[in-house]
Amino acid sequence: MNASERVAQIEARLRAALAPQRLVIEDESAKHAGHAGARDGGGHFDVTIVAAQFAGKSLLQRHRLVYDALGEAMRKDIHALSIHALTPDEV
């Protein structure tokens with residue numbers, strides 16, 4: 001799977017599970033060239049997601065929602081993920 005396919009997969013899964021009002025996905029894999037995860041094919045991504053589902057949830061709970069939405073991709077297509085999970089009121 002190439003980088004643009006990974007980004008599309010991340011976007012599709014997050015939109016389906018969390019219906020975000022805003023979603024920005026940055027592929028930062030090039031910054032990690034030569035890193036063990038990059039050599040194994042896993043990408044490095046930065047995600048900013050704004051969703052009403054995060055209301056009343058702790059940071060850990062928000063991250064778990066994102067990880068759950070990404071499912072198997074977290075184990076085989078994504079090596080590193082930086083998450084900025086916000087409610088609409090926090091933007």
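Two residues are in contact here when their heavy atoms come within 4.5 Å. Keep that in mind as you click along, since many of the stops below are about who touches whom.

**The whole chain**

You are looking at a predicted model. Start with everything shown as a cartoon: there are four helices and three strands, and reading along the sequence gives the pattern α-β-α-β-α-α-β. Of the 91 residues, 38% count as buried. The protein exposes about 5200 Å², and carbon and sulfur atoms supply 50% of that area. Among contacts between residues at least 6 apart in sequence, 66% join residues at least 24 apart.

Now colour by confidence. The mean pLDDT is 90, and 89% of the residues reach 70 or more. Which elements have the lowest and the highest mean pLDDT? Helix α2 (residues 36-39) has the lowest, at 52, while α3 has the highest, at 98.

**Helix α3**

Select residues 59-70, which make up α3. This helix has twelve residues and reaches 17 Å from its first C-alpha to its last, close to the 16 Å expected at 1.5 Å a residue.

Next, show the side chains of R62, H63, V66, A69 and L70, the buried residues of α3. Why do they sit on the same side of the helix? They cover an arc of only 120° around the axis, which puts them on one and the same side of α3. A general point helps here: an α-helix has 3.6 residues a turn, so residues three or four places apart point the same way.

Turn the view to the face away from that buried side, and you will find the exposed residues L60 and D68. Then turn back and add the partners: the buried residues of α3 pack against α1, β2, α4 (73-76) and β3. Before leaving the helix, click on G71, just after α3, where phi is positive at about 50°.

**The nonpolar core**

Where do the residues with the most contacts inside the largest nonpolar core lie? Select I10, L14, V47, I49, V66 and L81 to see them; the core has 18 residues in total. The elements that give two or more residues to this core are α1 (3-18), β1 (22-27), β2, α3 and β3 (78-86). Of these, β3 supplies the largest share, four residues.

Zoom in on V47. Leaving out residues up to four places away in sequence, V47 touches I10, L14, L23, V24, I25, L81, S82, I83 and H84.

From V47, step across to L81, which lies in strand β3. L81 counts as buried because its relative accessibility is 16%, below the 20% cut-off. Setting aside neighbours within four places in sequence, L81 is in contact with F45, V47, V66, Y67, L70 and M74. Draw a distance from L81 to G43 as well: these residues are 38 apart along the chain, and their C-alpha atoms are separated by 8.4 Å.

**Between β1 and β2**

Move to V24, in strand β1. V24 counts as partly exposed, with 28% relative accessibility. Beyond its neighbours within four places in sequence, V24 is in contact with D46, V47 and T48. The C-alpha atoms of V24 and I49 are separated by 6.5 Å, although the two residues are 25 apart along the chain.

Follow the contact to T48, in strand β2 (residues 43-50). Is T48 buried or exposed? With 16% relative accessibility, T48 counts as buried. Residues up to four places away not counted, T48 touches R22, L23, V24 and H84.

R22 is the next stop, also in strand β1. R22 counts as partly exposed, at 42% relative accessibility. With the same sequence neighbours left out, R22 touches T48, I49 and V50. R22 and L86 are 64 residues apart along the chain, and their C-alpha atoms are separated by 9.5 Å.

**Last stop: A19**

Finish in the loop between α1 and β1, where A19 is found. A19 counts as exposed, with 55% relative accessibility. What is notable about its backbone is the sign of phi: A19 has a positive phi of about 40° although it is not a glycine. For background, most residues other than glycine have a negative phi.

Notes
Residues are numbered from 1 along each chain as its sequence is written. This is a predicted model: local features need pLDDT of at least 70, side-chain atom pairs count only at pLDDT 80 or more; totals for chains, interfaces and linings use all residues. Side-chain values use heavy atoms; hydrogens and water are left out. Buried means under 20% relative accessible area, exposed over 50%, partly exposed in between (1.4 Å probe, protein chains only). A nonpolar core is a set of buried Ala, Val, Leu, Ile, Met, Phe, Trp, Tyr and Cys residues joined through side-chain atoms within 4.5 Å. The expected span of a helix is 1.5 Å times one less than its number of residues. The arc is that of the directions from the helix axis to the C-beta atoms. Accessible areas come from the Shrake-Rupley method with a 1.4 Å probe; for residues, only the protein chains shown count as cover. pLDDT is the predictor's confidence in each residue, from 0 to 100.
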